[in-house]
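Got your viewer open? Walk me through this one, stop by stop: what should I select next, and what will I find there?

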Amino acid sequence: MQSNTQNWTQVTEFVMVGFAGVQESRLLFFILFLIMYLFTVVENLAIILVVGLDRRLRRPMYFFLTHLSCLEIWYTTVTVPKMLSGFLGVDGGKNISYAGCLSQLFIFTFLGATECFLLAAMAYDRYVAICMPLRYGALVSWGTCIRLAAACWLVGFLTPILPIYLMSQLTFCGPNVIDHFFCDASPLLALACSDVSLKETTDFLVSLAVLLASSSVIAVSYGNIVWTLLHIRSAAERRKAFSTCVAHLTVVSLFYGTLFFMYVRTKVASSINFNKVVSVFYSIVTPMLNPLIYSLRNKEVKGALGRAFSLKAWKVQ
């Protein structure tokens with residue numbers, strides 16, 4: 001630690017407590033989270049591989065799905081390996097440098113915001129496919145898809161710049177123990193020695209802007225989809241059209257439900273243990289469930305997975 005001009009000691013390293021209450025069962029939790037992490041990586045890689053190899057899936061909806069799968073791999077990789085090293089109790093396993101902590105928070109926020117915008121882009125794709133099928137090829141061309149995906153990643157990258165800059169301007173003079181399993185904004189603010197009101201307000205407004213902008217696109221898209229479906233006379237056609245949206249709608253419900261709870265808040269003080277549980281859900285459980293939802297609820301993905309991993313298909317190749 002180094003002295004600053006106000007006779008405080010500037011923290012240069014943080015210690016992440018993680019799940020301190022499960023020390024006796026830490027090996028069990030290590031194995032559980034390791035399996036979940038590996039399962040998440042394998043599932044999402046399988047989705048990327050299958051969409052890339054199967055020509056029948058080379059459509060806009062699956063183009064966005066590969067971006068989502070790629071994002072999910074990085075989303076969990078940002079936090080889970082560090083958490084696993086903490087469970088093992090290796091030297092420095094729970095320690096993270098000041099710069100490393102801010103970097104982890106930046107990347108995690110960047111990927112979370114990007115996921116919001118990708119889910120909105122996927123909702124727009126479903127809206128055009130169901131409500132304007134004759135104009136689908138013109139409105140959702142490959143050029144449009146590439147521009148939409150690039151915009152999602154760019155805006156997602158820009159989202160955490162101001163919040164992280166304001167975080168870097170705060171003074172952390174001790175203690176340096178983060179009561180969480182990764183460098184999230186709320187437990188970090190609880191450790192700041194300087195005024196955090198501007199930072200809290202900025203976090204709230206940025207989070208609210210991202211969530212409202214992306215969720216509004218999703219809500220308007222599905223509102224139009226429902227309106228269109230209600231005017232389809234054939235029940236079979238309605239079910240067929242809606243079936244293409246079920247997987248996406250399920251993923252949106254899981255992701256946005258936890259995000260609205262966690263981040264649209266202005267208070268630092270809250271139930272830390274409950275926040276950890278919710279954080280595990282949206283940072284580990286949801287990325288693991290998303291590929292399962294898309295593969296089990298989508299006949300085309302399920303069929304492509306079956307073809308890709310069948311012995312017969314390999315023999316033919």
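Start by selecting C116: its relative accessibility is 2%, so this cysteine counts as buried. Keep in mind as you click around that this is a predicted model. Now add C145, which is buried too, with a relative accessible area of 0%.

**Two bonded cysteine pairs**

Stay with cysteines a little longer. How many disulfides does the count come to? The count comes to 2.

Pick C101 and C183 for one of them; the S to S distance is 2.1 Å. The torsion about this S-S bond is about -125°, so the disulfide is left-handed. C101 sits in helix α4, while C183 is in the loop between β5 (177–178) and α8 (185–189), so the bond ties together parts that are 82 residues apart in sequence. Buried or exposed, C101 and C183? C101 is buried, and so is C183.

Next, select C173 and C193, a disulfide with its sulfur atoms 1.8 Å apart. Here the torsion about the S-S bond is about -105°, so this disulfide is left-handed. The pair links distant parts of the chain: C173 is in the loop between α7 (161–168) and β5, and C193 is in the loop between α8 and α9 (197–230), 20 residues apart. Show the surface around C193 and you'll see a partly exposed residue, with a relative accessible area of 26%. Counting bonded cysteines along the chain, the disulfides follow the pattern 1-3, 2-4.

**Into the core**

Now turn the side chains on for F14, F33, L119, M167, F172 and L188. Of the 93 residues in the largest nonpolar core, these touch the most other members. Which helix gives this core its largest share? That is α4 (residues 98–131), with 20 residues.

Zoom in on L188. Leaving out residues up to four places away in sequence, L188 touches F14, C101, L105, M167, F172, I178 and C183. Two names there should ring a bell: C101 and C183 are the cysteines you just saw joined by a disulfide.

**A stop at α3**

Select helix α3 (residues 80–88). Its buried residues are V80, M83, L84, S85, G86 and F87. While you look down the helix, remember that an α-helix has 3.6 residues a turn, so residues three or four places apart point the same way. Then click the residue that follows α3: G89 has a positive phi, near 75°.

**The annotated spans**

Time to color by annotation. An unreviewed UniProt entry places the feature "transmembrane region" at residues 27–50, 62–84, 96–124, 145–166, 204–230, 242–264 and 276–296.

Try residues 96–124: this span is 93% helix and 7% strand, and its end C-alpha atoms lie 40 Å apart. Then go to residues 145–166, where the chain is 91% helix and 0% strand, with 34 Å between the end C-alpha atoms.

**Zoom out**

Finish with the whole chain in cartoon view. The secondary structure comes to 13 helices and 5 strands. Of the 317 residues, 48% count as buried. Among contacts with a separation of 6 or more, 79% are between residues 24 or more positions apart. Switch to the surface for a last look: the chain exposes about 15,800 Å², and carbon and sulfur atoms supply 68% of it.

Note on methods: Residues numbered from 1 in each chain as written. Predicted model: local features only at pLDDT ≥ 70, side-chain atom pairs only at ≥ 80, totals over all residues. Heavy atoms only, no water. Helix = DSSP H or I, 4+ residues; strand = E, 2+ residues; numbered from the N terminus. Buried < 20%, exposed > 50% of the residue type's maximum accessible area, 1.4 Å probe, protein only. Contact = heavy atoms within 4.5 Å. Areas by Shrake-Rupley, 256 points an atom, 1.4 Å probe, with all protein chains shown as cover. Core = buried A, V, L, I, M, F, W, Y, C linked by side-chain atoms within 4.5 Å. Disulfide = S-S within 2.5 Å. UniProt positions renumbered as here; feature names shortened; annotations may be inferred.
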